[in-house]
Amino acid sequence: MLTRHGIVTRPAYAEIPPRVEYRLTPLGEGLREVLDAMAAWAMAVPDSEPTVTV
């Protein structure tokens, strides 16, 4: 979906093993602040064990 909306590019390389790279487009670069804030938030959230109810 991100490639479809022009936010990232996904070049594929015909190598063994196959390799792809994801890069922000200029449109995606406009989201850099938001993505950095989301990454910082994700790193700050403590890991917790999933709660299992029976």
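A residue counts as buried when its relative accessible area is under 20%, as exposed when that area is over 50%, and as partly exposed in between. With that yardstick in hand, Thr-3 is easy to place: at a relative accessible area of 40%, Thr-3 falls between the two cut-offs and is therefore partly exposed. The structure looked at here is a predicted model, and Thr-3 is a handy spot to start the tour. Thr-3 sits in the segment before strand E1, which covers residues 8–9. Leaving out neighbours within four places in sequence, Thr-3 touches Val-8, Thr-9 and Arg-10. There is also a link to a part of the chain further along: Thr-3 and Arg-23 are 20 residues apart in sequence, and their C-alpha atoms are separated by 9.6 Å.

Now for the overall layout. The chain has two helices and four strands, and reading along the sequence gives the pattern β-β-β-β-α-α. So much for the order of the pieces; what about cover? Of the chain's 54 residues, 7% count as buried. About 5100 Å² of the chain is exposed, and carbon and sulfur atoms supply 64% of that area. Contacts that span a long stretch of sequence can be counted too: among contacts between residues at least 6 apart, 3% join residues at least 24 apart.

One of the buried residues is Thr-25. Its place is in the loop between strand E4 (23–24) and helix H1 (26–29). The relative accessible area of Thr-25 is 11%, and since that is under 20%, Thr-25 is buried. Which residues does Thr-25 contact, leaving aside neighbours within four places in sequence? The partners are Gly-6, Ile-7, Val-8 and Thr-9. Val-8 and Thr-9 have turned up before, in the contacts of Thr-3, and they make up the stretch 8–9 that is strand E1.

Next comes Tyr-13, which belongs to strand E2. Tyr-13 has a relative accessible area of 26%, so this residue is partly exposed. Once neighbours within four places in sequence are set aside, Tyr-13 contacts Pro-18, Arg-19, Glu-21 and Arg-23. Arg-19 has a particular position among these partners: Arg-19 lies over the face of Tyr-13, at 4.0 Å from the ring centre. As for ring-to-ring pairs, a search of the whole structure comes up with zero aromatic pairs.

Between strand E2 (12–13) and strand E3 (19–20) runs a loop, and Pro-17 is found there. The peptide bond that joins Ile-16 to Pro-17 is cis, with omega at about -5 degrees. For background, most peptide bonds are trans.

Then there are the charged side chains. How many salt bridges does a search of the whole structure find? The count is four. One of them pairs Glu-15 with Arg-19, whose closest N and O atoms are 3.0 Å apart. Glu-15, at 36% relative accessibility, is partly exposed, and Arg-19, at 32%, is partly exposed as well. So Arg-19 plays two parts: a salt bridge with Glu-15 and a place over the ring of Tyr-13, while still counting as partly exposed because its accessibility is 32%.

Another salt bridge joins Glu-21 and Arg-23, with the closest N and O atoms 2.3 Å apart. Glu-21 counts as partly exposed because its relative accessibility is 24%, and Arg-23 does so at 40%. Both Glu-21 and Arg-23 are also contacts of Tyr-13. Glu-29 and Arg-32 form a salt bridge too, the closest N and O atoms being 3.0 Å apart. Glu-29 is partly exposed, with a relative accessible area of 38%, and Arg-32 is partly exposed, also at 38%. Through shared partners, salt bridges tie Glu-15, Arg-19, Glu-21 and Arg-23 into one network.

Last stop: the nonpolar side of things. A surface patch is formed by Leu-31, Val-34, Leu-35 and Met-38, which together offer about 330 Å² of accessible area. Leu-35, one of its members, lies in helix H2, residues 32–44. Why can Leu-35 belong to a patch of this kind? Patch members need over 30% relative accessible area, and Leu-35, being partly exposed at 36%, therefore clears that mark.

Methods:
Residues numbered from 1 in each chain as written. Predicted model: local features only at pLDDT ≥ 70, side-chain atom pairs only at ≥ 80, totals over all residues. Heavy atoms only, no water. Patch = residues over 30% accessible without salt bridge, like charges linked within 9 Å, V, L, I, M, F, W, Y side chains within 5 Å. Areas by Shrake-Rupley, 256 points an atom, 1.4 Å probe, with all protein chains shown as cover. Buried < 20%, exposed > 50% of the residue type's maximum accessible area, 1.4 Å probe, protein only. Contact = heavy atoms within 4.5 Å. Phe/Tyr/Trp six-rings, centres within 6.5 Å; stacked < 30°, edge-to-face > 60°. Lys NZ or Arg CZ within 6 Å of the ring centre and 35° of its normal.
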